[in-house]
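Please work through the exercises below with the sequence and the structure at hand, trying each task before reading its solution.

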Amino acid sequence: MTRMEADVVPAAPAKPRELGPPIVEICNVEKRFGSNHVLRDVSLTVRRGEVVVIAGRSGSGKSTLLRCIDHLETIEGGTIHACGELMGYRQDSMGKKTELSDRRVARQRRNMGMVFQSFNLFPHLNVLRNITISPVKIMGEDPARAEAHARELLERVGLPDKAEAYPSQLSGGQQQRVAIARALAMRPQVMLFDEPTSALDPEMISEVLDVMIDLSRQGMTMIVVTHEMGFARAAADRVLMMADGVIVEDAPPEEFFTNPQSEHTRLFLSKIL
Amino acid sequence: MSWSWDHFMRFLFSDYMLHGVWTTIWLSIVAMVLGCSLGVVVAFMKMSKTWILRQIANAYIWVWRGTPLLVQMVIIYTVLPKVGIRLGVVESAIVALSLHEAAYFAEIVRSGVLSVNRGQKDASRALGMTWAQRMRYVIIPQATRVIIPPLGNQFNLMIKTTSLASVISMEELFRRTQQLAQLEFKVLEAYMCAACWYLLMTTVWGLIQKQLEAHYDKPFGPVSDSSEKKSDPVLSGQAAQV
């Protein structure tokens with residue numbers, strides 16, 4: 001990545017933000033894939049309304065960490081609390097954890113929205129159905145109300161005229177914006193973004209980032225795994241650097257970019273800027 | 001032996017023959033519906049997390065795909081009564097055809113489900129769907145598109161395979177043909193007539209299958225090329241040169 005991302009998005013506004021109580025609390029999380037130790041004693045607290053950007057080389061564990069928050073991956077040690085619940089597990093009085101049933105985890109996930117690198121829209125459903133399927137079929141929302149909400153969300157992501165289109169008829173940037181609308185339709189308390197722009201053509205990246213910046217200004221709690229440092233500058237409260245399964249830097253953007261403490265961050269910044 | 005158009009035409013539309021055609025049609029449909037239903041069960045057993053269910057499914061597929069249907073049918077009709085399970089001709093034919101079909105259809109369903117992109121599972125889980133909801137709203141509808149073509153082929157095969165039920169004296173199209181041929185000594189005419197009826201049935205099914213495939217393909221539409229492209233300018237540059 002040689003391009004300057006900063007020119008894609010507007011300059012950082014001074015944003016005095018009021019942060020709420022912790023909404024995601026990650027404590028001493030351990031994760032292994034076989035002999036590969038992906039997360040080593042990772043702890044992180046995100047407060048309501050906060051925007052946290054996680055950067056790092058591929059294989060540093062940043063996507064895995066994000067997936068663990070939504071319990072798309074199991075964890076071997078530690079705990080993750082999100083929206084007041086212990087994610088994915090039940091803990092007995094001795095502190096021993098047992099994985100929750102599929103049904104219980106599904107309910108927990110409804111508090112969070114997730115956006116993926118590869119969009120993962122449902123190709124057999126049109127845009128409107130993609131957005132309303134979970135509210136209507138899973139949450140039991142009134143179809144007419146869900147549709148009105150979906151159209152409102154499409155308006156917000158700048159695609160009011162694409163409601164009837166199928167995903168295969170949309171560009172990558174449009175698909176990702178629909179995916180964001182789909183996640184928002186569940187009225188999540190936290191939004192998780194897993195490299196939302198990495199699969200996009202350069203000219204489509206900004207249209208997705210604009211939507212995300214807009215979302216952050218409306219006070220959404222966001223955890224964003226990305227290499228788009230322009231976004232970090234414009235919207236993040238904190239920027240984290242991960243390397244080899246450890247968070248090596250956790251600083252406000254101005255400090256992250258001007259006075260990085262970790263060698264990993266300095267190396268990363270020298271390559272990307 | 002000379003060919004007689006007269007006999008051929010008479011056989012073709014005789015009540016006796018038409019009744020055989022009708023038997024072949026309903027036998028195919030019943031065996032297919034039962035076989036596919038059981039096949040779905042076996043497929044999900046094979047994809048289950050439980051070891052014993054997987055092994056049962058494996059054993060089932062191993063046995064029923066590894067032995068000839070003809071042998072299975074004769075065993076069900078003639079050997080089972082010796083251990084106290086007495087099935088009539090029709091029941092035996094239905095049981096044998098559907099159990100046999102299930103073994104093949106299980107593998108078709110399994111590969112259909114496995115063909116659905118992993119990201120679809122992630123997305124549906126992240127939207128708070130339970131296993132059953134993921135299957136119903138996301139995985140099965142997409143797998144269906146992959147399953148329909150081989151399912152159609154299986155039904156085509158089934159129409160023709162029902163002729164094996166003649167060995168246990170099921171009065172379907174082929175057995176009626178045999179009897180007609182022996183009765184009137186017009187062997188060629190009778191069998192040509194049967195061939196025409198089988199061909200007609202499989203042709204009509206082929207047309208139906210085409211409609212089904214088109215229906216399930218519709219939403220997937222022409223893929224716009226921008227949606228699949230990677231962001232790496234070097235890679236897409238190379239792709240453009242190739």
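**Exercise 1. A network of charges**

Task: In this predicted model, find which residues are linked with A:R67 in a network of salt bridges.

Solution: The network of salt bridges links A:R67, A:E73, B:R118 and B:D122. One pair to look at inside chain B is B:D122 with B:R118, whose side chains meet in a salt bridge at 3.6 Å from N to O. Both B:D122 and B:R118 belong to helix α6 (residues 118-126) of chain B, where they are 4 residues apart, about one turn of the helix. The next step is to judge how far B:D122 is covered: its relative accessibility is 6%, and because buried means under 20%, B:D122 counts as buried.

**Exercise 2. Where the two chains meet**

Task: Describe the contact of chain A and chain B, stating how many residues each chain gives and how many salt bridges the rule finds across the interface.

Solution: Begin with the residues, of which 37 come from chain A and 30 from chain B. In chain A, the residues that lose the most area to chain B are A:F122, A:H124 and A:S168, which together account for 20% of what that side buries. Turning to the area as a whole, the two chains bury about 2,800 Å² between them, and 54% of it is on carbon and sulfur atoms. As for charges, the rule finds 2 salt bridges across the interface of chain A and chain B. A salt bridge also joins A:D102 to B:R134, with the closest N and O atoms 3.6 Å apart.

**Exercise 3. Two pairs, each within one helix**

Task: Compare the setting of the pair A:R266 and A:E263 with that of the pair B:R110 and B:E107, and decide for each residue whether it is buried, partly exposed or exposed.

Solution: As background, side chains of opposite charge can pair when their charged atoms come close. For the pair in chain A, the side chains of A:R266 and A:E263 meet in a salt bridge with an N to O distance of 3.2 Å. These two residues, A:R266 and A:E263, both lie in helix α9 (residues 263-272) of chain A and are 3 residues apart, about one turn of the helix. A:R266 has a relative accessible area of 38% and is partly exposed, whereas A:E263 reaches 52% and is exposed.

For the pair in chain B, B:R110 forms a salt bridge with B:E107, and the closest N and O atoms are 3.2 Å apart. B:R110 and B:E107 both sit in helix α5 (residues 89-115) of chain B, 3 residues apart, about one turn of the helix. B:R110 is partly exposed at 26% relative accessibility, while B:E107, with a relative accessible area of 17%, is buried. Over all chains, the count of salt bridges by this rule comes to 18.

**Exercise 4. A nonpolar patch on chain B**

Task: Name the residues that make the nonpolar surface patch of about 700 Å², and state where B:F13 is found.

Solution: The patch is made by B:W3, B:W5, B:M9, B:F13, B:L18, B:L188 and B:M192. The elements of chain B that give two or more residues to this nonpolar patch are α1 (5-12) and α9 (187-217). B:F13 is found in the loop between α1 and α2 (15-46) of chain B. Since the relative accessible area of B:F13 is 52%, and exposed means over 50%, B:F13 counts as exposed.

**Exercise 5. Annotated spans and their helix content**

Task: Relate the UniProt annotations of chain B and chain A to the secondary structure of the model.

Solution: For chain B, the unreviewed UniProt entry gives "transmembrane region" for residues 20-45 and 57-80. Residues 20-45 of chain B are 100% helix and 0% strand, with the end C-alpha atoms 37 Å apart. Residues 57-80 of chain B are 88% helix and 0% strand, and here the end C-alpha atoms are 22 Å apart. For chain A, the unreviewed UniProt entry places "domain: ABC transporter" at residues 24-269, a span of 37% helix and 28% strand whose end C-alpha atoms lie 27 Å apart.

Note on methods:
Residues are numbered from 1 along each chain as its sequence is written. Chains are lettered from A and ligands numbered from 1 in the order in which they are written. This is a predicted model: local features need pLDDT of at least 70, side-chain atom pairs count only at pLDDT 80 or more; totals for chains, interfaces and linings use all residues. Side-chain values use heavy atoms; hydrogens and water are left out. Patches are made of residues with over 30% relative accessible area and no salt bridge: like charges are joined within 9 Å, nonpolar side chains (Val, Leu, Ile, Met, Phe, Trp, Tyr) within 5 Å. Accessible areas come from the Shrake-Rupley method with a 1.4 Å probe; for residues, only the protein chains shown count as cover. A salt bridge is a side-chain nitrogen of Lys or Arg within 4 Å of a carboxyl oxygen of Asp or Glu. Buried means under 20% relative accessible area, exposed over 50%, partly exposed in between (1.4 Å probe, protein chains only). UniProt positions are given in the numbering used here, feature names are shortened, and annotations may be inferred rather than shown by experiment. Contact means heavy atoms within 4.5 Å. Buried area is the accessible area (1.4 Å probe) that two parts lose on being put together, summed over both.
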